[in-house]
Amino acid sequence: HREALVDFGFSEEQLMIQDVARRIAREKIAPSAEHHDRSGEFPLENIRALGENGLMGIEVPVEYGGAGMDPISYVLAMIEIAAADAAHSTIVSVNNSLFCNGILTFGTEAQKQKYVRAIAEGREIGAFALTEPQSGSDATAMRCRAVKQADGRFVVNGKKSWITSGPVAKYIVLFAMTEPEKGARGITAFMIDTERAGFHRGKTEPKLGIRASATCEIEFTDYVVEADEVLGEEGQGFKIAMGVLDAGRIGIASQAIGIARAAYEATLAYVKDRKAFGQPIGAFQMTQAKIADMKCKLDAAMLLTLRAAWLKGQGQRFTTEASVAKLTASEAAMWITHQALQIHGGMGYSKEMPIERYFRDAKITEIYEGTSEIQRLVIARNETGLR
Ligand code: CAA
Ligand code: FAD
């Protein structure tokens with residue numbers, strides 16, 4: 001497969017979905033990005049428009065309401081959406097890769113029909129609940145408990161925190177301990193309907209960035225899960241979570257690239273326009289070095305993310321490559337938005353321009369779906385075989 005790694009010609013279909021995403025991003029998302037950032041209002045109308053155009057289920061087969069495209073299409077579309085507004089791309093990424101992906105891989109036919117279609121079409125919002133107040137990186141230290149009853153049903157009690165789209169989700173993929181003594185092998189995945197008794201939402205978290213992506217704590221008190229709402233096998237939940245996150249990390253890498261590209265393009269325009277000491281600031285060697293480094297980091301992030309997506313499309317294991325892509329792209333986004341802000345001077349610090357928003361939004365990509373430290377841990381464990 002080495003030769004194919006340098007063939008980055010995109011297919012007509014891939015370019016088409018990129019175009020669709022770019023059009024919606026420019027016409028609907030970009031014009032309201034500042035409003036959504038300031039107000040924190042959930043962009044339901046735009047999410048519906050994305051859903052109607054196949055962008056809430058890009059890799060979901062057409063028979064389940066999606067666009068039936070490949071992982072590279074997902075990367076290309078996510079970049080366009082994130083370049084217009086990162087918060088929108090967070091919502092898109094959870095629906096696409098954290099919600100639909102796991103059900104398509106591990107769900108029954110009935111579960112695919114019931115849960116995937118509504119989410120892929122953007123009629124409903126999905127969420128993914130792994131993290132708890134005391135367990136983020138150390139995900140197997142979860143306490144949320146699902147106890148099996150004689151009739152095959154489960155009763156769930158416990159809390160999950162930082163749940164993206166938690167305030168608006170209709171369905172949630174939940175991970176809970178079914179056999180605590182078995183550790184990671186005692187975790188099971190469940191499908192949750194947020195309209196049922198025993199499900200509660202906490203307040204929406206105020207955040208530094210991606211402010212229109214709504215995040216909250218959720219709580220279960222004697223919530224009853226029917227036997228046919230178990231996702232995959234009992235005890236297989238942690239592997240499902242990790243497998244889903246492998247794919248999710250390609251989405252976050254793409255989000256980081258979109259934010260970084262927006263900051264880079266704004267900077268390229270600004271350095272030609274803004275003058276100091278009788279010349280465009282882009283003519284100073286110190287600025288030129290920054291531009292060169294921004295370009296290198298952006299391209300590296302893009303190529304590594306395409307590699308991970310390509311491997312996924314080939315049906316190969318891509319855990320390490322997804323972590324390499326997510327780590328590189330998120331750190332590139334943080335560095336590039338930082339330099340972009342510096343190059344814009346006072347205007348970079350002002351709400352008159354979107355640069356400070358890019359800077360705030362970039363930070364989350366180093367934290368969620370596994371922090372940068374966790375990506376390094378995954379990469380190094382896989383490379384060395386040591387832990
Ligand atoms: N694919 C399949 N199985 C995997 C796997 C993968 N990528 N990674 C691990 N596993 C399996 C292991 O093989 C092991 O299985 P066995 O018991 O059969 O051997 C089991 O899972 C446990 O693995 P580890 O011993 O490696 O587990 P660990 O406790 O050391 O944790 C970790 C590993 C990588 C640190 C993991 O806990 C992790 O990824 N933490 C970060 C959590 C995270 O990313 N949370 C994101 C929440 S969602 C989110 O954030 C959404 C959003 O922002 C929008
Ligand atoms: P901790 O795990 O407490 O980590 C604190 C610090 O210690 C970090 O710097 C970390 O890298 C470091 N650290 C921890 N372990 C190690 C180690 N072994 N080696 C070196 N350093 C280490 N979760 C969901 O389940 N679903 C969601 O939809 C979701 N959305 C989110 C949205 C937002 C806006 C945010 C902020 C979080 C979201 N999360 C979600 C949770 C997110 O995945 C966690 O915040 C993240 O995994 C880190 O966990 P933590 O916050 O508990 O930090």
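**Note on the two ligand shells and helix α8**

1. Helix α6 is the biggest contributor to the shell around ligand 1, giving six residues. This is a predicted model, so read every point below in that light.

2. The shell around ligand 1 holds 25 residues. A139, A184, M242, Y368 and G370 are the closest. Three elements each give two or more residues to this shell: α4 (86-106), α6 (237-273) and α11.

3. By residue type, the shell around ligand 1 has 13 nonpolar, eight polar and four charged residues.

4. Ligand 2 has 22 residues around it. Nearest are G136, S137, T164, T371 and E373. At least two shell residues come from each of β1 (126-129), β3 (154-164) and α11 (372-384). Note α11: this helix is listed for the shell of ligand 1 and for that of ligand 2.

5. The shell around ligand 2 splits into twelve nonpolar, seven polar and three charged residues.

6. Helix α8 covers residues 319-343, 25 in number. From first C-alpha to last, α8 reaches 36 Å, close to the 36 Å expected at 1.5 Å a residue. Most of α8 is covered, with 19 of its 25 residues buried. Just after α8 comes G345, with a positive phi of about 55°.

7. On confidence, the chain has an average pLDDT of 97. A score of at least 70 is reached by 98% of the residues. For the complex, the predictor gives an ipTM of 0.99 and a pTM of 0.98.

Definitions and conventions. Residues numbered from 1 in each chain as written. Chains lettered and ligands numbered in written order. Predicted model: local features only at pLDDT ≥ 70, side-chain atom pairs only at ≥ 80, totals over all residues. Helix = DSSP H or I, 4+ residues; strand = E, 2+ residues; numbered from the N terminus. Expected span 1.5 Å × (residues − 1). Buried ≥ 20, exposed ≤ 12 C-beta atoms within 10 Å, placed from the backbone. Near = placed C-beta within 6 Å. Nonpolar A, V, L, I, M, F, W, Y, C, P; charged D, E, K, R; others polar. pLDDT = per-residue confidence, 0-100.
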